[in-house]
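Here's a quick look at one chain-to-chain contact and one serine. Have the structure open while you read.

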Amino acid sequence: MASAQDAGRGWSMAGRCLTALVGGYAAAAGLATLLARLLPVARVEATAWGMILSFLFYAAFGLWAFHEPRLARVAGVIWGIAIVTGGAALLLGVRP
Amino acid sequence: MKGNGVRQSMAWIHGWLGLLAGWILFAMFVTGTASYFRPEITRWMQPEYRPRPVGNAEAARTAVAWLQKNAPHDEQWTIYLPNDRTLATRVFTRARPSPDPKAPRPPRRPETRLDPATGVPVEARETRGGEFFYRFHFQLQLPHPWGRWLAGLCAMFMLGAILSGVITHKRIFADFFTLRWSKGRRSWLDAHNVSAVLALPYHAMITYTGLITLVAMYTPWPILANYAQPAAFSASLYADTASQKASGQPGRLADIGRLVEAASAEWQGARVSRIIIGNPDDASSTVTLLRSSDDRLNARSASITYAGVSGERLSASPPLGPAIETAGVMLGLHLGWFAGPLLRWVCFLLGLTGCAMVATGLVLWAVKRRKPGAKPFFGLSLVDRLNIGAIACLPAGMAAFLLANRLLPPMLASRADLEVSAMFWTWFGLAGLSLLRPARRAWIETLAFSALLFAAIPIVDLVTIGGGAFDGFFLAFDGTMVLLAAVLGFAAWRLARRPVDAARPRRRVSLAVSEVREAMDVA
Amino acid sequence: MSLEVALFGYAGFANLARGRGRELRTAPAERSRARIIGWLLILASFLAALLRFGPYQAVPAWLALLSVSGVALVLVLSRWPARASAPWMPMTAVALALCFL
């Protein structure tokens, strides 16, 4: 994909891949964790729902990262979700 | 990411996801498909072992007798009872941890396979059997945990490829039955569409449930959010005997056969599949019996725990909530233990459809980029060669694994490892040799060689084990090998029949028209 | 054996293929009838799966058998288009017989 004409395109593709692979995982893990922490059902059930759905979240983030043309938006949304959900889960701490 | 339409972007990502993970996915699909017959492959690979079948209670008694003699003071015994597919009793033991708290926890010792009737270790040739294909399909013969991570990443790529493939394929119903032979890349596209769409529920199911089987490793984070002690999560799912403390007073186990019968009666006659005995020589020993899940979708089985010495019923696993039930059913669907003979064969055929989907997709990537008459660019040659190595050479390796089982002397030391080496040397060796030939010849010759090796299996079987091969089970196995040889041979023959590019120029006009249409279909 | 699910599935798909008239040249008047028969046979295969596998295993077993019968039909259809859908009536009869065996 990286053509010699435009070195910038190579970097932007690398950034997109990194966002999709690593950021997508972080966002999916954060979302699944927050869901598991907040779902008002039994502890074991909420944990299992979070784990079951995590791959669906990951796939959705990953595909969207390659659909949306504006890289800044992709990076902002995916890393943003990762930081917000991950941070919220950390702040909430372990379910009492 | 050509264009802004969702179809275009999904077509683009579909191609790259499929290409990057395709070769490993093909190997995972092929060995995973073989794993539907994991016990049968093991049985075929130990032809001298033909035990007298006994009841479950009797098998439990003989296993406990052997364990009491050979590992009396261990912390935990796990006994997998035989069934009509797995003929031997498999036992695992775990030694008591040393009193020193800094000493590492003793690992589970390797499996011992016992004859259910006599309770002595199985005397047969050493082999990894069907277990090897099963382990390879999610560990990829890489050191732990890298194989599992790589397999998970490839499965994730597969999930992305399935979703993007569905979004991008705008004529799912119009092309439902369309398969045209001998039409160049149009045929490859048809074959890819048909194998993907017709078995789509299977592909989506097997990919997602495959990820679920290792979810605790891939995304453990929800556990950390809900449990201060992560082990408490699995303890609430599985029968937990590790928490039972030994009293220090010696005790003797009650008759295990009676407990097996009692549990089976409580489950309306369902079989006991596994027995976990904690602190077997202690007065506070426990016996946990797990229900077989062969007759239900949920692979996470119910259990009953008894006091080991008195035989008193202590507790049973709680009923499952919807999420745990869902996860258990997903696990069950992936493993396919619920499937009776017909459904197992159907699953096997669907697995082969999955192999065909991945293989045709890989070939299609190369065919789409090939210009008639032009020399292929480096990336295209590389993809072509890797396609040959993965698709045409892996079957040869698997056949070599089975052939080595018959050809190596039965009592040879470390023969199990040699069988595995035979597979990889044949696979990668053939792929390396194929580099010496032009790509098209390489396809034909490697496929033909794979077919030959599969065809050789029944012959070698007959020569090496003689009359033993005339048994319904061995005949069925060897017959399947002939069928696989026929499929590979057919592929080689089809390729060899078609002249290189001779048909191309005559069709150039219609090709140009169809190319425009395809450009719209495939992006 | 629970082959009836697959037989109903094959017969149903064969009629749906007839109903679309793309791979098989079917008279337009016959198409809509073939489509209705096709969907009814697919429904029959689901009911047969329900009968044979019980409420819990019926859906996965049905989808699996239906997929395999679809692959089989497409393979036959690609080679012998005219003959692929011909045996749908005897197949339905055998499937019905298997249901009540």
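## Where B meets C

Three residue pairs are in polar contact between chain B and chain C, with both residues of each pair at pLDDT 80 or more. That cut-off matters here, as this is a predicted model. Salt bridges don't show up at all: the count between chain B and chain C is zero.

On the chain B side, the elements that put two or more residues against chain C are α6 (185-198) and α13 (341-369). Of the elements, α13(B) gives the most, with six residues. Sorted by type, the residues of chain B that touch chain C come out as 18 nonpolar, two polar and three charged.

## How much gets buried

What does the whole contact add up to? In residues, 23 from chain B are in contact with 26 from chain C. In area, about 2000 Å² is buried between chain B and chain C, and carbon and sulfur atoms give 74% of that. Three residues stand out: B:Phe177, B:Leu198 and B:Leu342 supply 35% of the area that chain B buries against chain C, more than any other three residues.

## A serine in α16

Now for B:Ser434, which sits in helix α16 (residues 415-434) of chain B. Is B:Ser434 buried or exposed? It counts as buried, because its relative accessibility is 5%, and the cut-off for buried is under 20%.

A polar atom of the B:Ser434 side chain lies 2.7 Å from the backbone oxygen of B:Ala431. Leaving aside residues up to four places away in sequence, B:Ser434 touches B:Arg385, B:Ile388, B:Ala442 and B:Thr446.

How values were computed:
Residues numbered from 1 in each chain as written. Chains lettered and ligands numbered in written order. Predicted model: local features only at pLDDT ≥ 70, side-chain atom pairs only at ≥ 80, totals over all residues. Heavy atoms only, no water. Helix = DSSP H or I, 4+ residues; strand = E, 2+ residues; numbered from the N terminus. Buried < 20%, exposed > 50% of the residue type's maximum accessible area, 1.4 Å probe, protein only. Polar contact = N/O pair within 3.5 Å; in protein donor to acceptor, adjacent residues only side chain to side chain. Contact = heavy atoms within 4.5 Å. Buried area = accessible area lost by both parts, 1.4 Å probe. Salt bridge = Lys/Arg side-chain N within 4 Å of Asp/Glu carboxyl O. Nonpolar A, V, L, I, M, F, W, Y, C, P; charged D, E, K, R; others polar.
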